[in-house]
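Trainee: I have a model to go through. Could we take it piece by piece?

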Amino acid sequence: MSMSNANFPMDSEGRTYHVGVKRGELANRIITVGDPARAIVLSRSLDGVDPSAPAKSISANLFSHASHRGFLTITGRYKGTPVSIVAIGMGVSMMDFFVRECRAVVDGPMTIIRLGSCGSLSDAKVGDICVPSSSYLVQRNYDYFAEDSSASSASPYILSKKFDADPEVTATLVKNMSAQLGDNHVWNGINATADSFYSSQGRQDENFVDNNQELFTELVKYEPGTLTLEMETFLLYHLARTSTVAPLKEESKVKAAATSNKHSIRAGACMMVFAQRKSNEFISKEDVARVEPLAGKAVFDSLVEVSLGDESELHATEGS
Ligand code: R1P
Ligand code: URA
């Protein structure tokens with residue numbers, strides 16, 4: 001594979017360096033997951049997929065591409081509307097590769113919804129769904145642990161400001177999740193995205209110095225609505241908030257800024273509770289198999305229900 005352009009590498013076919021997608025392979029409406037097996041489960045809800053086909057394979061009716069860096073893209077239609085499913089693996093770096101590389105090869109506005117798993121710090125039980133209206137980042141303060149650290153008063157974990165999901169996407173997800181799973185299994189609140197599954201999610205590990213015994217108390221004090229901990233949503237919300245309607249002519253910039261449609265990406269997320277951190281319970285395989293397809297349907301329904309925004313305005317800026 002030979003790439004050109006060190007600033008944003010692409011191969012001779014126009015495929016991006018890590019996700020490996022090119023123009024025409026992705027829909028403007030995307031559901032992103034961590035686990036490729038979850039992507040395949042969700043693909044079974046797409047149009048034209050035979051429900052009796054082997055559960056672990058991708059239907060030949062759908063476009064699919066597995067990249068050399070572990071991203072899996074599946075594109076098809078849901079109730080007639082083009083949608084893509086992209087499995088990205090874990091962590092904020094993978095979310096960054098995914099959002100930037102997909103944005104680069106899709107024209108016009110996009111809606112991206114993450115369907116992930118999480119730990120619950122609240123009363124949400126294993127198998128419940130949390131739909132966060134906003135997310136902040138919990139980062140290990142690496143300097144705190146340095147040999148020569150003079151910052152003895154600094155905190156071992158740094159908490160960022162919150163970034164919001166698109167409110168309409170969030171409200172639609174709550175409604176559609178409730179329709180699939182029942183109101184009492186759907187929660188709406190704040191998510192904390194951590195830079196580790198372990199230390200910055202308050203897991204105790206005697207092999208390392210983590211100074212995280214008080215972390216849950218600190219999170220709830222910082223944001224009393226904190227319901228969940230996982231590893232990607234903050235970056236999705238952050239990149240949607242910083243996405244531009246580009247390229248823009250000067251007059252379009254003014255026009256775009258004057259509307260609510262000044263970002264090219266609308267984002268939302270929902271997570272299945274896999275770990276109940278207060279009771280220490282972990283979800284069973286059977287519960288995952290029951291909840292995943294239902295949650296997937298709710299996300300697809302939301303993706304096609306929410307408008308992409310004023311496409312004519314965004315398209316009008318193309319080629320400028
Ligand atoms: C950790 O087990 C992984 O699970 C969660 C976390 O965010 C992290 O990626 O989400 P996914 O199930 O989407 O991967
Ligand atoms: N994913 C996470 O990041 N944390 C959990 O506790 C469970 C799933």
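Mentor: Cys 130 is a good start: at 1% relative accessibility, this residue counts as buried (under 20% relative accessible area; exposed is over 50%, partly exposed in between; 1.4 Å probe, protein chains only). This is a predicted model: local features need pLDDT of at least 70, side-chain atom pairs pLDDT 80 or more, while totals for chains, interfaces and linings use all residues. Residues are numbered from 1 along each chain as written, chains are lettered from A and ligands numbered from 1 in written order, and side-chain values use heavy atoms, without hydrogens and water.

Trainee: How far away is the nearest cysteine sulfur to Cys 270, and which residue holds it?

Mentor: A disulfide needs two cysteine sulfur atoms within 2.5 Å. Cys 270 is in no disulfide. The nearest cysteine sulfur is 9.9 Å away, in Cys 130.

Trainee: Is Cys 270 buried or exposed?

Mentor: Its relative accessible area is 0%. So Cys 270 is buried.

Trainee: Which side chain joins that of Ser 200 in a polar contact of 2.7 Å?

Mentor: Ser 200 is buried, at 0% relative accessibility. A polar contact is a pair of N or O atoms within 3.5 Å; within protein, one must be able to donate a hydrogen and the other to accept it, and residues adjacent in sequence count only if both atoms are side-chain atoms. At 2.7 Å, the partner of Ser 200 is Asp 195.

Trainee: Which residue has a side-chain N or O atom 2.9 Å from an oxygen atom of ligand 1?

Mentor: Met 231 also has an atom 2.9 Å from a ligand 1 oxygen, but a backbone N or O. The side-chain atom belongs to Arg 38.
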